[in-house]
Amino acid sequence: MSIAKILWVDDEIQLLKPHILFLEKKNYNVTPCTNGADAIQILGEESFDIIFLDENMPGLSGLETLSQIKERNPNLPVIMITKSEEEYIMEEAIGSKIADYLIKPVNPNQILLSLKKNLDTSRLVSEKTTSSYQQEFRKISMDLAMVNNYNDWIELYRKLIHWEIQLESISDVGMTEILESQKNEANSMFFKYIKKNYQSWFEGKDHPVLSNNLFKEIIVPQMDRENGTLLIVIDNLRYDQLRVLEPFINEYYKTVNETTFFSILPTATQYARNAIFSGLTPLEMEKQHPDYWKNDTDEGGKNLFENEFLTAQIKRLGLSLKHEYYKITNVNSGKDLVNNFAKLKENDLTVVVYNFVDMLSHSRTEMDMIKELASDDKAYRSLTVSWFKNSPLFEMIQEAQKMGLKLIITTDHGTINTTRPSKVIGDKNISSNLRYKTGRSLSYNNKEVYAVKDPKSIQLPSIHISSSFIFAKEDYFFAYPNKFHHFVKYFKNTYQHGGISLEEMIIPCISLEPR
């Protein structure tokens, strides 16, 4: 493979010497240039694979230089680098079909990632897939530069999942790494978005459908009162896992509607699933149902009153529904329900909470064999499919189809494969979850968490007056300094939930009718 040639245009090019040396060590050939006019002249004399272009330069500006470059070399990828975050500059640059958009100060790894996306991706995709893949990869990169609301994030995440599944059959490590780098970059930006906007979702401003709105806004309007509805909540199911289960489900049911909603924080069962069934935020649950709600440090199960929460919500909404609730925690209880499925025909609504995926993700932590079988997201999806095809849950879906029941499938939150430890210190009553912590006197790395000093501001109860919450970003997991090596050895590369990531927060709800 030939060495890629880069033209780097910046009026302060001397300050970028460390970046240039870094790229040269990675076997890139970098030609420095200090102004737009010289860059145009150099391009007339030499050919390059890609250009780094500073937006703010004296004389010929970055945008003016970009325009002239595109007139002469319309297919030459240009990466715009600027100090400004003004929207019109970004829009002009993107409108001129730049390959990427970086904001100063940039670090060497950002530069390298952008090169790989725009050079290696084109090479790998052209070798292994159609030209449409190339266009979509470029579009995802551009979307990342423009995403600024929750609908954009939903669409971007769905695209990433789509291509991840589409490319599973391609045994090219380079392509997998490029897609993974896009997911990592997306999760980094998603964390910043959530940190900036999450609190406003509880202040009456524009917000997505959240866990506590799901039943009222999405499930109730789609119920079939005449034939009955089966609502299946598969605990801990990720978007990509549902996607690979859909072909098997679609043998018996056709999808008529798909809604994507956001899990509340923490993305943990006791918060998110209780919110779905109660139609309330955790703070509201604590106030309105003190007998049902339990905080992290309270003794006893945290999801023992889901049916009571659901019954109270149905009554509060003024609905006249005959409903039944079942929680399946093992194969035998699943088989028992299948054997008695016909009796459900009399219900307006039957709710089945299926815990297997949650057990699968946790057993991956506990059992070396499962950990080996589910070593990455691809293997995790494959293991989910193997289980589902032979599970009582699949039998339930087939029985429901025979009975003509409407089917709605959703989950409470997803999981993420955690790879990086983040040190945290707290008092003895600190919560145990690896992706979020609540308690007093928390000490942590502020760059690696979303810290909420006033839990009420995001509709969470406080264990103590001085309690706060912290949520791990991206793929971090919390570890105590005095047991740091133990935590790293035991929990690195395990699937966890409770924090902030696309995988944990953006989750599907699909509505299906019998074939």
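This report describes the overall make-up of a predicted model, then one of its sheets and two of its helix pairs.

## The chain as a whole

The chain has 515 residues, and 56% of them count as buried. Its secondary structure consists of 20 helices and 19 strands.

Many contacts join parts of the chain that are far apart in sequence. Among contacts with a separation of 6 or more, 74% are between residues 24 or more positions apart.

## A five-stranded sheet

One open sheet is built from five strands, paired in parallel, in the order E2-E1-E3-E4-E5. Strand E2 (29-33) and strand E5 (100-103) are at the edges; each has a single partner strand, so one side of each has no neighbour in the sheet. From one strand to the next, the twist averages 20°.

At one end of this order, strand E4 (residues 78-82) and E5 run parallel and are joined by four bridges. Isoleucine 81 has leucine 102 in E5 as its bridge partner.

A helix also lies across part of the sheet. Helix H2 (residues 36-45) lies across strand E1 (5-9), E2 and strand E3 (50-54), and runs at about 160° to E1.

## Helices H7 and H10

Two packed helices are described by the angle between their axes and the distance between the axes. For helix H7 (residues 150-166) and helix H10 (residues 239-249), the angle is about 55° and the axes are 10 Å apart. H7 and H10 are therefore oblique to each other. Their crossing is right-handed.

On the H7 side, the residues that meet H10 are Tyr157, Arg158, Ile161 and Ile165; on the H10 side they are Tyr239, Asp240, Arg243 and Val244. By class, the contact of H7 with H10 has five nonpolar and three charged residues, and no polar ones.

## Helices H10 and H17

H10 also packs with helix H17 (residues 377-389): the axes come within 9 Å and cross at roughly 35°. This crossing of H10 and H17 is right-handed.

H10 contributes Asp240, Gln241, Val244, Leu245, Phe248 and Ile249 to the contact, while H17 contributes Tyr380, Arg381, Thr384, Val385, Phe388 and Lys389. The residues in the contact of H10 with H17 divide into seven nonpolar, two polar and three charged.

Asp240 and Val244 of H10 appear in both contacts: they meet H7, and they also take part in the contact with H17.

Definitions and conventions. Residues are numbered from 1 along each chain as its sequence is written. This is a predicted model: local features need pLDDT of at least 70, side-chain atom pairs count only at pLDDT 80 or more; totals for chains, interfaces and linings use all residues. Side-chain values use heavy atoms; hydrogens and water are left out. Axes are lines fitted to C-alpha atoms, for helices over the stretch in contact, and angles run from 0 to 180 degrees between N-to-C directions. Helices (H or I, at least four residues) and strands (E, at least two) are DSSP runs, numbered from the N terminus. Angles under 35 degrees count as roughly parallel, over 145 as roughly antiparallel, 65 to 115 as roughly perpendicular and the rest as oblique. A crossing is left-handed if the near helix is turned anticlockwise from the far one by less than a right angle, and right-handed if clockwise. Contact means heavy atoms within 4.5 Å. Ala, Val, Leu, Ile, Met, Phe, Trp, Tyr, Cys and Pro count as nonpolar, Asp, Glu, Lys and Arg as charged, and the others, Gly among them, as polar. Two strands pair if DSSP finds at least two bridges between them. Buried means under 20% relative accessible area, exposed over 50%, partly exposed in between (1.4 Å probe, protein chains only).
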